[in-house]
Amino acid sequence: KVSPQKLCPVALTAGGLRLFESDVILSYVADKYAPLLENDCRGPTVEARALSALLVRVHDMYISGTNCSQPQFFSNQAVFYKAAMPGPERAARLKDLLKQLDLVESLLLPAGPYCVGDAISFADVVLYPTVAMMQDQAAASLVGSVTEGRPKLAAWLAHCNADPRFRGVADKIKAFVDTFLGKAVAGITAKGCG
């Protein structure tokens, strides 16, 4: 009822304002609670904020969203858990997912340890659950390790995984995936890409 798109995330403010779309919700929380936050996750400079916004957009549009830059296909993330998918469709989605992960790799700042520097940004908050889920499911999926050949992404993920605030989120997602999607992921592995 909160989102007209019938998708998550959603938020309902105390005043009754219905919010949907992750970047809108994150901006609202940062504005509303800025005086209480040690870090509002926006980024310390205009460049860091722009890069964080770009990483969030790549994630939301091309990794977890419904878009795919391969003609006639959509929703790249589904290659991890949707068993009923023809081989050519899976291959096209996988090709695009890997392209988007390479793009993320190219955008991450080399000094890190977070996406846009030495402080957590919206990009870290948005990318981490998806990348951690994919890496946690790597052995059971056709995609394999999402950090292989992506050293900045690997270093970033290792840094975030060492932080209990991040890892706690990933552990909850992993438990959900293991419980509810384990059979689907096993089916994907058995069927392959052909």
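**Stop 1: helices 2 and 4**

Select helix 2 and helix 4 in this predicted model. Helix 2 crosses helix 4 in a left-handed sense. Helix 2 covers residues 46-63, and helix 4 covers residues 122-136. Look along the place where they pass: their axes come within 8 Å. The crossing angle is roughly 40°.

Now show the side chains at this contact. From helix 2, pick Ser52, Leu55, Val56, His59, Asp60 and Ile63. From helix 4, pick Phe122, Ala123, Val126, Leu127, Thr130 and Met134. Colour them by character. Eight of these contact residues are nonpolar, three are polar and one is charged.

**Stop 2: the aromatic rings**

Stay on helix 4 and select Tyr128, which lies in that helix. Add Phe166, which lies in helix 6, residues 164-191. How far apart are the ring centres of Tyr128 and Phe166, and at what angle are their planes? The centres are 5.0 Å apart and the planes stand at 70°, so this is an edge-to-face pair. Planes over 60 degrees apart count as edge-to-face.

The two residues are 38 apart in sequence, so their pairing ties together separate parts of the chain, one in helix 4 and the other in helix 6. Are Tyr128 and Phe166 buried or exposed? Both are buried.

Next, add Tyr114 and Trp156 to the selection. Ring pairs join Tyr114, Tyr128, Trp156 and Phe166 into a cluster. Across the whole structure, a search finds three aromatic pairs.

**Stop 3: the loop before helix 4**

Go back to the loop between helix 3 (87-107) and helix 4, and select Pro113 there. Add Gly112. What kind of peptide bond joins Gly112 and Pro113? The bond is cis, with omega at about 5°.

**Stop 4: the whole chain**

Zoom out and colour by secondary structure. The protein has six helices and two strands. Follow the chain along its sequence: the pattern reads β-β-α-α-α-α-α-α. Both strands therefore precede the helices in that order, each helix or strand being a DSSP run numbered from the N terminus.

Switch to a surface view. The protein exposes about 10,500 Å². Carbon and sulfur atoms supply 62% of that area. Of its 194 residues, 40% count as buried.

End with contacts across the sequence. Take those between residues at least 6 apart in sequence: 59% of them join residues at least 24 apart. The ring pair of Tyr128 and Phe166, 38 residues apart, is a good place to return to with that in mind.

Key. Residues numbered from 1 in each chain as written. Predicted model: local features only at pLDDT ≥ 70, side-chain atom pairs only at ≥ 80, totals over all residues. Heavy atoms only, no water. Axes fitted to C-alpha atoms, helices over the stretch in contact; angles between N-to-C directions. Helix = DSSP H or I, 4+ residues; strand = E, 2+ residues; numbered from the N terminus. Left-handed = near helix turned anticlockwise from the far one by under 90°. Contact = heavy atoms within 4.5 Å. Nonpolar A, V, L, I, M, F, W, Y, C, P; charged D, E, K, R; others polar. Phe/Tyr/Trp six-rings, centres within 6.5 Å; stacked < 30°, edge-to-face > 60°. Buried < 20%, exposed > 50% of the residue type's maximum accessible area, 1.4 Å probe, protein only. Areas by Shrake-Rupley, 256 points an atom, 1.4 Å probe, with all protein chains shown as cover.
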